[in-house]
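Dear colleague,

Please find below the structure that I am handing over to you, with its sequence. My notes on strand pairing, burial and salt bridges follow it.

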Amino acid sequence: MVVIGAGIAGVSCAVELTRAGVPVRVRERGHVSGGRMASKRFQGRPADIGAAYFTARDPDFAALVEQWRAAGLVREWTDTFQAYDRAGRREVPGPMRFAAPGGLRSLVEHLAGAVPVTVDRLVLVVEPGPVVDGEPCAAAVLAMPGPQAALLLDPALTDATRVVQAQRWSPSLAAVLRFPTRRWPDFRGAFVNDHPILSLVCDDGDRRGDGAPVLVAHTVPEFAAGHLAQPTGAGPAIEQAVRDLLGLPEQAVDTHVHRWTYAKPSGDPTGPTHHLDADGIGLAGDAFGEPRVQSAWRSGRDLGRALAARLA
């Protein structure tokens, strides 16, 4: 059994299979696991560059979050964001948003536990059988954005190919802005509406709980689409937009821009939580539901359970 992709969907799928006694291997093309729950270290300090936070409305996912909290891996962050629009600034109440002091990637690594994850392992093709890079297996799971999965799937796998080709994704850029001092108003996180560049800005020092003078900004898809070839070139425009929004007099001492070509799916929250076809090809991720960490976890879990039942 092979799971391709070590984001939270792939890892949660592998965890369920392992619990059911099904031998499984996880292959990840990147240097680390985590997927879009990505964290990058700057001078030893982590900053989240993928998902900005997560919520827990599903009772089973909430139970997992409680385990993470008991282990000191997550903290309640805030239930109130700011919203900036043409009318000014206002508070927006909502569900409790959770953050991870060690970065959201640490949660995926903790969830993986003893599941064997091989990083820097690029998979080239998944053929009928299923066969992964020429190696037959009992089943294969592709836990990644649909456009990436489509590049791996043999055209003969018509069901899975049809599903991934129907997915629609939008891009985004995430910019980590490190400032000399904290000079912005208390806001924790802010939705930015009707802006040509920004969609979300988070106070990473507040989110992490260490008070570091670090902001992380996420861009709208239209702006990101014009800078996917050279994302670093978008840094000055993003920084200026953040400074204008928050009225910051000082320039950032460092700006890092990360490109997410497939950042957000337009999933169907009323549809199935995963896909599993007769060929033993499974698909999981937050494209099967709302674009949420919780949705990706549930998708992988449900697919893992369905595969375990089939292989029993």
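**Strand E12 and its sheet**

Strand E12 and strand E16 (residues 254–265) run antiparallel and are joined by nine bridges. Please bear in mind throughout that this is a predicted model. Within this pairing, Arg178 has Asp254 in E16 as its bridge partner. E12 is also joined to E15, by five bridges and again in antiparallel fashion; here Leu177 stands opposite Leu215 of E15.

These pairings belong to an open sheet of seven strands, ordered E6-E5-E13-E14-E15-E12-E16, in which the pairing is mixed. Strand E6 (88–99) and E16 each have a single partner strand and stand at the edges, so one side of each lacks a neighbour in the sheet. On average, and ignoring direction, neighbouring strands of this sheet are turned by 20 degrees against each other.

Elsewhere in the sheet, strand E13 (residues 189–192) and strand E14 (residues 198–203) are antiparallel and joined by three bridges. The bridge partner of Phe191 in E14 is Leu200. Helix H8 (residues 235–246) packs on the sheet, where it touches strand E5 (75–85), E12, E13, E14, E15 and E16. The direction of H8 makes about 70 degrees with that of E14.

**Burial of E12**

How many residues of strand E12 (residues 169–178) are buried? Ten of its ten residues are, and the strand is accordingly described as mostly covered. Both faces are covered. On one side the buried residues are Trp169, Pro171, Leu173, Ala175 and Leu177; on the other they are Ser170, Ser172, Ala174, Val176 and Arg178. Leu177 and Arg178, named above for their partners in E15 and E16, thus lie on opposite faces of E12.

**Salt bridges**

The count of salt bridges comes to 24. Three of the pairs are described here.

Arg305 forms a salt bridge with Glu16, with 3.3 Å between the closest N and O atoms. This pair links distant parts of the chain: Arg305 belongs to helix H9 (residues 293–311) and Glu16 to helix H1 (residues 8–19), 289 residues apart. Arg305 is partly exposed, at a relative accessible area of 45%, whereas Glu16 counts as buried at 12%.

Arg45 forms a salt bridge with Asp210, and the closest N and O atoms are 2.7 Å apart. Arg45 lies in strand E4 (residues 45–48), while Asp210 lies in the loop between helix H6 (204–208) and strand E15 (214–219), so the pair ties together parts that are 165 residues apart in sequence. Arg45 is buried, with a relative accessible area of 15%, and Asp210 is partly exposed at 44%. Both residues also take part in a network of salt bridges, in which they are linked with Asp48, Asp204, Arg207 and Arg208.

Where does the third pair, Glu109 and Arg105, lie? Both residues are in helix H3 (residues 105–112); because they are four residues apart, about one helical turn separates them. Their salt bridge has its closest N and O atoms 2.6 Å apart. Glu109 is partly exposed, with a relative accessibility of 38%, and Arg105 is buried, at 18%.

With kind regards

Technical notes:
Residues numbered from 1 in each chain as written. Predicted model: local features only at pLDDT ≥ 70, side-chain atom pairs only at ≥ 80, totals over all residues. Heavy atoms only, no water. Salt bridge = Lys/Arg side-chain N within 4 Å of Asp/Glu carboxyl O. Helix = DSSP H or I, 4+ residues; strand = E, 2+ residues; numbered from the N terminus. Buried < 20%, exposed > 50% of the residue type's maximum accessible area, 1.4 Å probe, protein only. Pairing = 2+ DSSP bridges. Axes fitted to C-alpha atoms, helices over the stretch in contact; angles between N-to-C directions. Contact = heavy atoms within 4.5 Å.
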